Amino acid sequence: MHVGHIIIIGAMKAGTTTLHNLLSQHSQIVMSHVNGYKSMKELDYFLEDRGRSYDRFFRKGAPEGVWTLEASPSYSKNYLENGCAERIAALKKQTKLVYILRDPIDRIDSHLSHNGSRGRTLPEPRALRIYSDTSRYWSHIQRFDAAGFSDSLLLLDFDDLCQDPVGTARKVQAFVGLELEDPADVRIHNSRRTAGRVLTKGQERSYWARVRPDVEALAASGRFPAAQKWLDTWSAKFSRPSPRRRPAE
């Protein structure tokens, strides 16, 4: 039987396709591949109750000694959450989750650019709510923690993935317990199609006001050091001092 499941849960526009490609090259990993279902990457299987076994969505039925791999960024969207974390937790095999976090305002800007390049627009205030929700990383982490994943959830920095894709892939491999293998194909996937910033400064200020409490909580948790950098960057831009995490006694 196969060993277990690796699931990249997000975030959208934070390099999930690139990481999926890097990990799929490992000799002990098989990726989802279902003709006519959704895609080789985004199964979105756990967004609702399904009548088909999860193991059926993998080529060769997940043979002996391997891990399955999927990447569905919708798993880390609160407005789509309806028991997703609990369904993943109910899997019989051991499961490792990977969550890539990106500067929340940069992620929103890229999200808007992505949708705009495809002719997709959302009316306000729905856009403000949806784009902000996807950048509320701490609330998503808490949801998966509550389902029992606090020790099996790896947080990655989008900047690290961009700067060192091979090192990031090896970090995931070590987290899962795989033998370390360097991927040969390190291409960036789904890169930005439009140049320049989409968000105006006023929009940045509005989005920051919505996501700031979540970023503060993430920074205070000590689980993701880059969150403090985000606080410093955007607080300085909007002239409001950012709180510093108190060192442990």
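Let's start with a single residue: K13 is buried, with a relative accessible area of 17%, which puts this lysine under the 20% cut-off for that label. Keep in mind as we go that this is a predicted model. K13 sits in the loop that runs between strand 1 and helix 1, and its backbone has a quirk: phi is near 60°, a positive value in a residue that isn't a glycine. That loop has another oddity to look for. A11 also belongs to the loop between strand 1 and helix 1, and the peptide bond leading from G10 into A11 is cis, with omega near 0°.

Now follow the chain onward to another loop, the one between strand 2 and strand 3, where you'll find D44. D44 isn't a glycine either, yet its phi is positive, at about 55°. With a relative accessible area of 8%, D44 counts as buried.

With those loops in place, step back and look at the sheet. What order do the five strands take? They line up as 2-3-1-4-5 in an open sheet, and the pairing is parallel. Strand 2 and strand 5 (153-157) stand at the edges with a single partner strand each, so one side of each has no neighbour in the sheet. From one strand to the next, the twist averages 25°.

You can check that order by walking through the pairings. As background, strands of a sheet pair through backbone hydrogen bonds, either parallel or antiparallel. Strand 2 (residues 29-31) pairs with strand 3 in the parallel sense over three bridges, and here V30 stands opposite T68. On to the next pairing: strand 1 (residues 4-10) runs parallel to strand 3 and is joined to it by five bridges, with I7 facing E70. Strand 1 also runs parallel to strand 4 (residues 94-101), this time through six bridges, and I8 has V98 as its bridge partner there. Helix 1 (residues 16-24) packs on this sheet, touching strand 1, strand 2, strand 3, strand 4 and strand 5, and its direction makes about 165° with that of strand 3.

Strand 3 deserves a longer look. Are its residues buried or exposed? Five of the five residues in strand 3 (residues 67-71) are buried, so the strand is largely enclosed by the rest of the structure. In a regular strand the side chains alternate between the two faces of the sheet. You can see two sets of side chains in strand 3: W67, L69 and A71 point one way, T68 and E70 point the other way, and all are buried.

Next, the aromatic rings. A pair of aromatic rings is described by the distance of the centres and the angle of the planes. The count here comes to 11 aromatic pairs. Take F46 and Y54: their ring centres are 4.8 Å apart and their planes meet at 45°, so the pair is tilted. F46 is buried at 2% relative accessibility, and Y54 is buried at 4%. Another tilted pair is Y137 with W230, at 5.8 Å centre to centre and 55° between the planes. This one ties together distant parts of the chain, since Y137 lies in helix 5 and W230 in helix 9 (residues 226-237), 93 residues apart. Both Y137 and W230 are buried. Coming back to F46 and Y54, these two share one aromatic cluster with Y45, F57 and Y75.

Y137 brings us to helix 5 (residues 137-149), which has 13 residues. Its end C-alpha atoms are only 15 Å apart, short of the 18 Å that a straight helix would reach at 1.5 Å a residue. The buried residues in helix 5 are Y137, W138, H140, I141, R143, F144, A147 and F149. An α-helix has 3.6 residues a turn, so residues three or four places apart point the same way.

Last, the cysteines. How many disulfides does the structure hold? The number is zero. C84 is buried, at 1% relative accessibility, whereas C162 is partly exposed, with a relative accessible area of 42%.

Terms used: Residues are numbered from 1 along each chain as its sequence is written. This is a predicted model: local features need pLDDT of at least 70, side-chain atom pairs count only at pLDDT 80 or more; totals for chains, interfaces and linings use all residues. Side-chain values use heavy atoms; hydrogens and water are left out. Helices (H or I, at least four residues) and strands (E, at least two) are DSSP runs, numbered from the N terminus. The expected span of a helix is 1.5 Å times one less than its number of residues. Buried means under 20% relative accessible area, exposed over 50%, partly exposed in between (1.4 Å probe, protein chains only). A disulfide is a pair of cysteine sulfur atoms within 2.5 Å. Two strands pair if DSSP finds at least two bridges between them. Axes are lines fitted to C-alpha atoms, for helices over the stretch in contact, and angles run from 0 to 180 degrees between N-to-C directions. Contact means heavy atoms within 4.5 Å. Rings of Phe, Tyr and Trp (its six-membered ring) pair if their centres lie within 6.5 Å; planes under 30 degrees apart count as stacked, over 60 as edge-to-face and the rest as tilted.
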